[in-house]
Amino acid sequence: MEPTDQRGAPGVGADACDSNGRYYEIKAHGRAVPGELNLTRAEFIRAWSEGENYTLVTASRLEESASGPTLRLVDDPLHRFEFEPPTDVRLKGVRDISVESTVYEWPGTE
């Protein structure tokens, strides 16, 4: 199981992927892990689609002055932690008339 660095690949939504196809998102902190972490849109989508195949890795206390580095791995973090979805959602293709919908049109005033 050799992980490959995915940090430079746009839209992957994870920092690494291993030979078994498991995705890893790594959040590093000099001191303790904060109470909340942010995921990018791509990270959220990857975590949602992969479920148990997505691991959040938190590395904490990495500064020299901190006591003993800690590594914590959490599989399927979106089902283990409470999360707040983004407030802005972009709906694309809203003019597409092939999408099932109900349309009401009022007669024009001519």
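Here are three short exercises on the model above, each with a worked solution.

A note before you start: this is a predicted model, where local features need pLDDT of at least 70 and side-chain atom pairs count only at pLDDT 80 or more, while totals for chains, interfaces and linings use all residues. Residues are numbered from 1 along each chain as its sequence is written, and side-chain values use heavy atoms, with hydrogens and water left out.

**Exercise 1.** Find which parts of the chain the salt bridge between Arg22 and Asp75 ties together.

*Solution.* Start with the rule: a salt bridge is a side-chain nitrogen of Lys or Arg within 4 Å of a carboxyl oxygen of Asp or Glu. Arg22 and Asp75 pass, at 3.5 Å from N to O. Next, place them: Arg22 sits in the loop between β2 (16-17) and β3 (23-28) and Asp75 in strand β5, so the pair ties together parts 53 residues apart in sequence. Strands here are DSSP runs of E, at least two residues, and helices are runs of H or I, at least four, numbered from the N terminus. Applied to the whole model, the rule gives six salt bridges.

**Exercise 2.** Work out whether Lys27 and Glu43 are buried or exposed, and what their salt bridge links.

*Solution.* First the contact: their side chains meet at 3.2 Å, N to O. The pair links distant parts of the chain, with Lys27 in strand β3 and Glu43 in helix α1, 16 residues apart. Now the cut-offs: buried means under 20% relative accessible area, exposed over 50%, and partly exposed in between (1.4 Å probe, protein chains only). Lys27 comes in at 15%, so Lys27 is buried. Glu43 has 9%, so Glu43 is buried too.

**Exercise 3.** Describe the lining of the largest pocket.

*Solution.* You'll need the definition: on a 1 Å grid over the protein atoms alone, a pocket is an open set of points where a 1.4 Å probe fits, with protein on both sides within 12 Å along at least five of seven lines, and lining residues have an atom within 4 Å of a point. Count the lining: 31 residues, with Leu37, Asn38, Leu39, Phe83 and Glu84 nearest the centre. Then sort by class: 17 are nonpolar, six polar and eight charged. (Ala, Val, Leu, Ile, Met, Phe, Trp, Tyr, Cys and Pro count as nonpolar, Asp, Glu, Lys and Arg as charged, the others, Gly among them, as polar.) Finally, check the elements: α1 (41-50), β4 (54-60) and β5 each supply at least two lining residues.
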